Amino acid sequence: MIRIEVTDARGERVPEVRHPGDEEETGRGLQLVEALAARWGVTPGPAPRKTTWAELPVPR
């Protein structure tokens with residue numbers, strides 16, 4: 001398993017999977033993460049930060 005983490009200073013904004021329309025240019029990132037990752041989530045803090053992480057299986 002490989003874990004990828006991204007930390008930012010927008011702790012008040014929790015990421016969520018969106019379902020944008022065909023004409024929208026953004027909003028597909030977490031759809032890709034959800035499709036490829038074994039699991040993903042968000043860990044709060046320390047304020048005002050949050051860390052979004054994903055764990056991906058590693059082929060043997």
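Helices and strands here are DSSP runs: at least four residues for a helix, at least two for a strand. With that in hand, look at the model, which is a predicted one. The protein has 1 helix and 3 strands. Follow the sequence and the order is β-α-β-β.

Now the overall form. How many ångströms is the radius of gyration? For this protein, 13 Å. A compact globule of 60 residues would come out near 10 Å. The C-alpha trace spans about 40 × 35 × 10 Å along its principal axes.

Next, the surface. Of the 60 residues, 17% count as buried. The protein exposes about 4900 Å². Carbon and sulfur atoms supply 55% of that area.

Charges next. There are 9 positive side chains and 10 negative ones. The centres of the two sets lie 8 Å apart.

On to contacts. Take those with a separation of 6 or more. Residues 24 or more positions apart account for 48% of them.

Let's zoom in on one residue, Ile4. Ile4 sits in strand β1, which covers residues 2-8. Is Ile4 buried or exposed? Neither label fits: its relative accessible area is 44%. Buried means under 20% and exposed means over 50%, so Ile4 is partly exposed.

What does Ile4 touch, once neighbours within four places in sequence are set aside? Ile4 is in contact with Thr52, Trp53, Ala54 and Leu56. Compare Glu23. Ile4 and Glu23 are 19 residues apart in sequence. In space, C-alpha to C-alpha, Ile4 and Glu23 are 29 Å apart.

That's the tour. Thanks.

Definitions and conventions. Residues are numbered from 1 along each chain as its sequence is written. This is a predicted model: local features need pLDDT of at least 70, side-chain atom pairs count only at pLDDT 80 or more; totals for chains, interfaces and linings use all residues. Side-chain values use heavy atoms; hydrogens and water are left out. The radius of gyration is taken over C-alpha atoms; the globule rule is 2.2 Å times the number of residues to the power 0.38. Buried means under 20% relative accessible area, exposed over 50%, partly exposed in between (1.4 Å probe, protein chains only). Contact means heavy atoms within 4.5 Å. Accessible areas come from the Shrake-Rupley method with a 1.4 Å probe; for residues, only the protein chains shown count as cover. Lys and Arg count as positive and Asp and Glu as negative; His and the chain ends are not counted. The place of a charge is taken as NZ of Lys, CZ of Arg, CG of Asp or CD of Glu.
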